[in-house]
Amino acid sequence: MDCNIANKQIDLSNERVASAQANLNDQPEIEKNATQEQKITQGTETQNFQAGESRRRRGAAIDLFETSEKAGKPISMEEAEKSRVSPDLALPQKNRH
């Protein structure tokens, strides 16, 4: 009877070793998947950031366009979108000539 228990313990130990070996064998695939998932997540975050930046730039251009209209010194939307300068540019300025 003690031999039977010992054999079951050996079998259980062998199963644990086999399971551990299988987990070790799977590590490169698990790491590869985790790396791919991280790249996808970072790519999505980058795209979201860029979309937000684009919306902010467009909003700033619209503000500049509207400010220039109100100040009586209208600029085109194209000029406003190209401008990276503050809306102060749209305010009336003294002649620099």
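How many salt bridges does the structure hold? The structure holds 3 of them, and I would like to take you through each in turn, keeping in mind throughout that what we have on the screen is a predicted model.

Let me begin with the overall layout. The protein has 2 helices and 0 strands, and of its 97 residues the buried ones make up 6%. About 8,500 Å² is exposed by the protein, with carbon and sulfur atoms supplying 52% of that area. If we take the contacts in the protein with a separation of 6 or more, residues 24 or more positions apart account for 9% of them.

Helix H1 runs over residues 2-70, and from its first C-alpha to its last this 69-residue helix reaches 96 Å, which is close to the 102 Å expected at 1.5 Å a residue. There is nevertheless a kink in H1, of about 40 degrees, and it lies at Gln 27, shortly before the proline Pro 28. Just after H1, Gly 72 takes a positive phi of about 75 degrees, and helix H2 then covers residues 77-82.

Now to the salt bridges themselves. In H1, the side chains of Glu 53 and Arg 56 meet in a salt bridge, with 2.8 Å from N to O, and these two residues are 3 apart in the helix, about one turn. As a general point, an α-helix has 3.6 residues a turn, so residues three or four places apart point the same way. Glu 53 counts as partly exposed, at 25% relative accessibility, and Arg 56 is also partly exposed, with a relative accessible area of 47%.

A salt bridge within H2 joins the side chains of Glu 78 and Lys 82, at 3.2 Å from N to O, and here the two residues are 4 apart, again about one turn of the helix. Both Glu 78 and Lys 82 are exposed.

The remaining salt bridge is formed by Glu 81 with Arg 58, and its closest N and O atoms are 1.9 Å apart. Because Glu 81 lies in H2 and Arg 58 in H1, this pair ties together parts that are 23 residues apart in sequence. Each partner is partly exposed, Glu 81 with a relative accessible area of 43% and Arg 58 at 41% relative accessibility.

That brings me to the other side of the accessibility picture, namely the buried positions. Which residues are buried in H1? They are Gly 52, Ala 61, Leu 64 and Ser 68, and what covers the buried residues of H1 includes H2.

Ser 68 deserves a separate word. With a relative accessible area of 0%, Ser 68 is buried, and a polar atom of the Ser 68 side chain lies 2.7 Å from the backbone oxygen of Phe 65.

To draw the threads together, H1 and H2 are linked in this predicted model by the salt bridge between Glu 81 and Arg 58, and H2 is also among the parts that cover the buried residues of H1. The pairs Glu 53 with Arg 56 and Glu 78 with Lys 82, by contrast, each lie inside a single helix.

Key:
Residues are numbered from 1 along each chain as its sequence is written. This is a predicted model: local features need pLDDT of at least 70, side-chain atom pairs count only at pLDDT 80 or more; totals for chains, interfaces and linings use all residues. Side-chain values use heavy atoms; hydrogens and water are left out. A salt bridge is a side-chain nitrogen of Lys or Arg within 4 Å of a carboxyl oxygen of Asp or Glu. Buried means under 20% relative accessible area, exposed over 50%, partly exposed in between (1.4 Å probe, protein chains only). Contact means heavy atoms within 4.5 Å. Accessible areas come from the Shrake-Rupley method with a 1.4 Å probe; for residues, only the protein chains shown count as cover. A polar contact is a pair of N or O atoms within 3.5 Å; within protein, one must be able to donate a hydrogen and the other to accept it, and residues adjacent in sequence count only if both atoms are side-chain atoms. The expected span of a helix is 1.5 Å times one less than its number of residues. The bend at a residue is the angle between axes fitted to the seven residues ending there and the seven starting there.
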